[in-house]
Amino acid sequence: DNNLRLDYAKDLVARALELEPQNAAFLDSYGWVLYRLGQFDEALKYLLQAASIQSDPTVFEHVGDTYMSLKETAQAKDWWRKALKLQPDNKALKEKLKD
């Protein structure tokens with residue numbers, strides 16, 4: 001999350017995914033590292049896979065953030081709304097949905 005040692009983090013999570021390829025947390029982490037590296041299309045693949053395995057507000061928010069980076073605003077807001085349903089007190093999500 002701090003944009004430090006992203007390549008190292010990517011390698012570590014890739015190894016974890018080799019051991020557990022259907023682990024939603026690992027998929028989300030890998031997608032988020034790719035997002036932080038600016039590889040939005042590739043990140044989205046992993047994040048959507050994580051979201052299909054587990055309903056988690058953080059994963060849903062990451063999917064929304066990635067869609068927004070891809071300039072797909074409607075998709076981004078749909079995913080942020082899904083996240084907000086699971087976490088109704090999330091101020092950051094409410095702020096993202098203000099527009």
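**Core, burial and rings in a predicted model**

Me: What makes up the largest nonpolar core, and which residues have the most contacts inside it?

Reply: The largest nonpolar core has 24 residues, and A51, V63, Y67 and W79 have the most contacts inside it. Helices α1 (6–19), α2 (24–36), α3 (40–53), α4 and α5 (73–86) each supply at least two residues of this core, and α2 gives the most, with six. A nonpolar core is a set of buried Ala, Val, Leu, Ile, Met, Phe, Trp, Tyr and Cys residues joined through side-chain atoms within 4.5 Å. The model is predicted: local features need pLDDT of at least 70 and side-chain atom pairs pLDDT 80 or more, while totals for chains, interfaces and linings use all residues. Residues are numbered from 1 along each chain as its sequence is written, and side-chain values use heavy atoms, without hydrogens or water.

Me: How many helices and strands does the protein chain have?

Reply: The protein chain has six helices and zero strands. These are DSSP runs numbered from the N terminus, a helix being H or I over at least four residues and a strand E over at least two.

Me: Is T66 called buried or exposed, and why?

Reply: Buried means under 20% relative accessible area, exposed over 50%, and partly exposed in between (1.4 Å probe, protein chains only). T66 is at 0%, so it counts as buried. This residue lies in helix α4 (residues 57–69). Leaving aside neighbours within four places in sequence, T66 is in contact (heavy atoms within 4.5 Å) with Y35, F40, A43, L44 and L47. In addition, a polar atom of the T66 side chain lies 2.8 Å from the backbone oxygen of H62.

Me: Why are P57 and K71 placed in opposite classes, and what are their values?

Reply: P57 has a relative accessible area of 15% and is therefore buried, whereas K71, at 73%, counts as exposed. P57 belongs to helix α4 and, beyond four places in sequence, is in contact with A83, L86 and Q87. K71 is in the loop between α4 and α5; its phi is near 65°, a positive value in a residue other than glycine.

Me: What makes the aromatic pair of W32 and Y35 stacked?

Reply: Rings of Phe, Tyr and Trp (its six-membered ring) pair if their centres lie within 6.5 Å; planes under 30 degrees apart count as stacked, over 60 as edge-to-face, and the rest as tilted. By this rule there are four aromatic pairs. For W32 and Y35 the centres are 4.2 Å apart and the planes differ by 5°, hence a stacked pair. Both residues are in helix α2, three residues apart, so about one helical turn separates them. W32 is buried at 11%, and Y35 is buried at 17%. Together with F40 they form one aromatic cluster.

Me: How do you know that the charged end of K82 sits over the ring of W79?

Reply: The rule asks for NZ of Lys or CZ of Arg within 6 Å of the ring centre and within 35 degrees of the ring normal. The charged end of K82 is 3.8 Å from the centre of the W79 ring and sits over it. R5 is likewise placed over the ring of Y8, with 4.4 Å to the centre.

Me: What radius of gyration does the protein chain have, and how does it stand against the globule rule?

Reply: Taken over C-alpha atoms, the rule is 2.2 Å times the number of residues to the power 0.38. With 99 residues, a compact globule would come near 13 Å; the protein chain has 13 Å, which agrees.

Key. Polar contact = N/O pair within 3.5 Å; in protein donor to acceptor, adjacent residues only side chain to side chain.
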